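Please open the model in your viewer and keep the selection tool at hand, since this tour moves from one selection to the next.

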Amino acid sequence: MASHGLTYEGCNFFRQRLVLSTLSGKHVKIKNIRSRDDEPGLRDFEASFIRLLDKVTNGSRIEINQTGTVLFYQPGLLYGGSVEHECNPQRSIGYYLEALLMLAPFMKNPLKANLKGVTNDPIDPSVDMLKSTALPLMKKFGIDGESFDLKVVKRGMAPGGGGEVVFTCPVRKTIRPVQLTEPGKIKRIRGVAYSVRVSPQMGNRIVESARSVLNKFLPDIYIYTDHMKGANSGKSPGFGLTLVAETLNGCFLSAEMSSTPQGQGDPVLPEDLGRNCAKLLLEEVYRGGCVDSSNQSLALLLMTLGQQDVSKVLLGPLSPYTIEFLRHIRDFFQIMFKIEVQKPLEDERKGGDKVLMTCVGVGYSNISKTVK
């Protein structure tokens with residue numbers, strides 16, 4: 001077995017390594033995790049992430065040394081089923097969900113995950129954003145069905161949390177290859193302005209300031225206000241905005257912002273937040289491509305795992321996270337992507353440089369899914 005394992009150093013890209021290890025069945029050893037820190041070893045949210053992986057797999061072997069600076073992970077089979085997990089509030093539920101989205105289609109039983117914790121914080125993609133961009137992206141790869149859903153039951157802002165989401169996903173035997181090369185023009189913008197434990201007026205103020213920027217770009221804009229009260233509003237006050245631009249060809253680009261968590265730094269005005277978030281969305285539209293920057297790695301993973309056929313996806317400039325992900329895909333699956341940079345013509349108004357990613361899938365099939 002020793003020949004199939006991979007060894008890494010440091011705490012960066014922790015989830016990427018464990019997720020790819022679980023999918024490829026190769027065990028992984030991560031050394032020197034914050035070994036020079038005052039508090040060495042794994043953080044609580046990383047330990048919580050390992051526990052979640054343990055819950056959705058069967059027979060994983062996880063060894064951590066006493067200081068928590070070395071982790072050995074031998075993946076078991078993806079089992080799925082009903083899972084409840086209390087996510088560590090240091091990171092939002094999005095941190096855990098991003099990994100679950102990558103694993104869910106390959107479970108033995110359809111996944112129903114009930115995750116509790118922080119639904120919106122300034123660091124990780126929020127549940128709203130994943131619902132409006134990651135799910136439609138996965139549908140293009142043939143992962144869909146009535147049971148494919150992500151529901152926000154309760155909102156919980158950082159730092160207190162208290163939110164709850166339910167993610168359900170059917171299993172698929174194979175992933176279909178895709179050709180996403182023409183994003184098409186933006187046809188409409190949708191969004192959610194949410195507020196909890198603050199005046200409901202905050203939502204309206206965010207919407208108005210976001211519209212003041214976006215109306216110059218496009219008339220078809222609708223931003224819902226979502227004000228959760230009482231038990232559904234979590235433990236901390238806050239507000240934020242998630243915006244999604246949809247193109248004629250059904251691609252989704254998104255941007256989001258949330259207020260500074262209570263007791264951490266300068267408070268932010270709803271007007272500024274609305275305007276800045278709208279500008280972030282326009283920036284994302286400028287970067288363009290068929291997948292927004294937060295979902296690049298998800299798209300590349302699904303391309304890698306597709307049937308043995310060519311997949312092509314046009315992306316905006318690759319984020320540093322995505323570049324590292326490509327290196328990991330090479331390590332775990334021996335798949336290399338062909339990368340072509342496309343410069344838009346001067347008069348086309350198509351935004352920044354794009355990258356066309358091409359690969360042949362490994363023909364990954366869900367071994368535990370028997371054909372009925």
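**A tour by selection**

Begin by selecting residues 7-339, a stretch over which the chain of this predicted model is 31% helix and 28% strand, with its end C-alpha atoms 27 Å apart. An unreviewed UniProt entry places the feature "domain: RNA 3'-terminal phosphate cyclase" at these residues.

Next, show the whole protein chain as a cartoon, where eight helices and 18 strands can be picked out. The radius of gyration is 21 Å, close to the 21 Å that the globule rule gives for 372 residues, so the chain is as compact as a globular protein of that length. Turned along the principal axes, the C-alpha atoms fill a box of roughly 60 × 50 × 45 Å. Of the contacts between residues at least 6 apart in sequence, 74% join residues at least 24 apart.

Now switch on the surface, which has an accessible area of about 16700 Å², with 50% of it belonging to carbon and sulfur atoms. Beneath it, 53% of the 372 residues count as buried.

Which residues touch the most other members of the largest nonpolar core? Select L23 and F167, which hold that place among its 79 residues. Then add helix α3 (residues 93-103), the source of the largest share of this core, with nine residues. Centre the view on L23 and display its partners beyond four places away in sequence, namely L78, M102, L103, F106, L301, L305, F333 and Y364.

Finally, move to another core, which lies apart from the largest one and has 23 residues, including I221, A245, A278 and L281.

Key: Residues numbered from 1 in each chain as written. Predicted model: local features only at pLDDT ≥ 70, side-chain atom pairs only at ≥ 80, totals over all residues. Heavy atoms only, no water. Core = buried A, V, L, I, M, F, W, Y, C linked by side-chain atoms within 4.5 Å. Buried < 20%, exposed > 50% of the residue type's maximum accessible area, 1.4 Å probe, protein only. Helix = DSSP H or I, 4+ residues; strand = E, 2+ residues; numbered from the N terminus. Contact = heavy atoms within 4.5 Å. UniProt positions renumbered as here; feature names shortened; annotations may be inferred. Rg over C-alpha atoms; globule rule 2.2 N^0.38 Å. Areas by Shrake-Rupley, 256 points an atom, 1.4 Å probe, with all protein chains shown as cover.
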